[in-house]
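Subject: The structure we talked about

Hi there,

Here is the structure I promised to pass on. Have a look at it first, and then read on for my notes.

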Amino acid sequence: MGDGIGRYRGTESRLAQWLRRRPKRTAADDGNDREKLLLAVATAGLPLAPAAYPVGYSCSCERIGCPTPARHPVSFAWQTQSTTDRGQIERWARNEPEANFVTATGMVHDVLDVPLAAGRAALERLLAEGVEVGPVAESPAAGPGGGRMLFFTATRGTPEDEDEWWPCELDCHPETMDEHPGLRWHCRGSYVLVPPARLPGDEDAHPAVAWIRGPEHPLPDPLNLLETLQDACARHAAERGADGDGGHPAHEIAWPLTR
């Protein structure tokens, strides 16, 4: 996705300039790279499962009023279906050339999901401070309020005592995700789209969900990123409030319900 991915080149302005300079890709480029990128995710140990894909401004699931078009797994058994098996992923990718893919969180990795503006500020700060940052992806929002940045981290583990799990507390449904614009912690029982993924209304060849830092980066401890991300989200909420868009509590953390 470009030679600059995964490299920090200095100031915030340089990062912002690089993000704006990312070259447009052709449909042929994306077709050639899609399988390679998915296999790179699997090689990093992140389990994948097929997801819906956009059909114009609608979803391939054909559900009337689908609340998360092109953003949800195809099968209700996505947690058990998720795999890192290269052969299976190749078959899925070749048999469903339009399909998006999700990765099930809480088994190998978690995802800290923040507003895009807050994520860019936090990423700049983390890299400047020399903090180990793992894979990072950008995703546009399903509704109003701007895009999201996804920080992939190690999971908190799978202790033998079931009561020691860090669970998804099901604070919100997929239908209400846009009502929870703060930091979301995707862990056990959740999932996120993985790049490359396309969303309804995409008119160019560039995938809507794309890597900023690729899956080759080691997964960090989520607690090493959490304070910086929370601080960036608090600043983002304050700025939204000052602009009249409505602020949200700095401590707000929401987890999506599984479908």
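Below is what I found in it, topic by topic.

**How far to trust it**

Please keep in mind that this is a predicted model. The average pLDDT of the protein is 78, and 67% of the residues reach at least 70. Among the elements, strand β1 (residues 48–51) has the highest mean pLDDT, 97, while strand β11 (residues 253–254) has the lowest, 48. Two stretches deserve some caution. Residues 169–177 have a pLDDT below 50, and in the model this stretch makes 23 contacts beyond near neighbours in sequence. The pLDDT also stays under 50 over residues 246–259, where the model has 54 contacts beyond four places in sequence.

**A three-stranded sheet and its helix**

One open sheet is made of 3 strands in the order β1-β4-β9, with antiparallel pairing. Its edge strands are β1 and β9 (191–194), each of which pairs on one side only. On average, neighbouring strands here are turned by 40° against each other, ignoring direction. Strand β4 (residues 100–104) is joined to β9 by 4 bridges in the antiparallel sense, and within that pairing Thr-103 sits opposite Val-192 of β9. Helix α4 (residues 86–95) packs on this sheet and touches β1 and β4; the direction of α4 makes about 15° with that of β1.

**Aromatic pairs**

The count of aromatic pairs comes to 3. In one of them, Trp-78 and Tyr-191 meet edge-to-face, with 4.9 Å centre to centre and 75° between the planes. Trp-78 belongs to helix α3 and Tyr-191 to strand β9, so this pair ties together parts that lie 113 residues apart in sequence. Both Trp-78 and Tyr-191 are buried. Another pair, Trp-92 with Phe-101, is tilted: the centres are 6.4 Å apart and the planes make 45°. Trp-92 and Phe-101 are both buried as well.

**Strand β6 and its two partners**

Strand β6 (residues 136–139) points Val-136 and Glu-138 one way and Ala-137 and Ser-139 the other way, and all of these are buried. With strand β7 (residues 148–154), β6 runs antiparallel, joined by 4 bridges; in this pairing Ala-137 stands opposite Leu-150 of β7. β6 also pairs with strand β10 (residues 210–213), again in the antiparallel sense, over 3 bridges. Here the bridge partner of Val-136 is Arg-213 in β10.

**Nonpolar cores**

The largest nonpolar core has 21 residues, and those touching the most other members are Leu-123, Val-133, Phe-151 and Leu-229. Two or more residues of this core come from each of β5 (109–115), α5 (116–128), β7, β8 (183–186) and α6 (223–242). The largest share, 6 residues, is supplied by α5. Another core of 18 residues lies apart from that one, and includes Leu-37, Val-41, Leu-46 and Val-192. If you recall the sheet above, Val-192 is the residue that faces Thr-103 there.

**Two residues in loops**

Cys-61 may be worth a look on your screen. Cys-61 is in the loop between β3 (58–59) and α3 (78–81). Is Cys-61 buried, exposed or partly exposed? With a relative accessible area of 32%, Cys-61 counts as partly exposed, because that value falls between the 20% and 50% cut-offs. Leaving out residues up to four places away in sequence, Cys-61 touches Cys-66 and His-72. Cys-61 and Ala-51 are 10 residues apart in sequence, and their C-alpha atoms are 9.4 Å apart in space.

Tyr-57 lies in the loop between β2 (54–55) and β3. Tyr-57 has a relative accessibility of 63% and so counts as exposed, the cut-off being over 50%. Which distance separates the C-alpha atoms of Tyr-57 and Pro-200? These C-alpha atoms are 4.4 Å apart, although the two residues are separated by 143 residues along the chain.

That is everything on my list. Happy browsing, and do write back with any questions.

Best wishes

Methods. Residues numbered from 1 in each chain as written. Predicted model: local features only at pLDDT ≥ 70, side-chain atom pairs only at ≥ 80, totals over all residues. Heavy atoms only, no water. Buried < 20%, exposed > 50% of the residue type's maximum accessible area, 1.4 Å probe, protein only. Contact = heavy atoms within 4.5 Å. Pairing = 2+ DSSP bridges. pLDDT = per-residue confidence, 0-100. Core = buried A, V, L, I, M, F, W, Y, C linked by side-chain atoms within 4.5 Å. Axes fitted to C-alpha atoms, helices over the stretch in contact; angles between N-to-C directions. Phe/Tyr/Trp six-rings, centres within 6.5 Å; stacked < 30°, edge-to-face > 60°.
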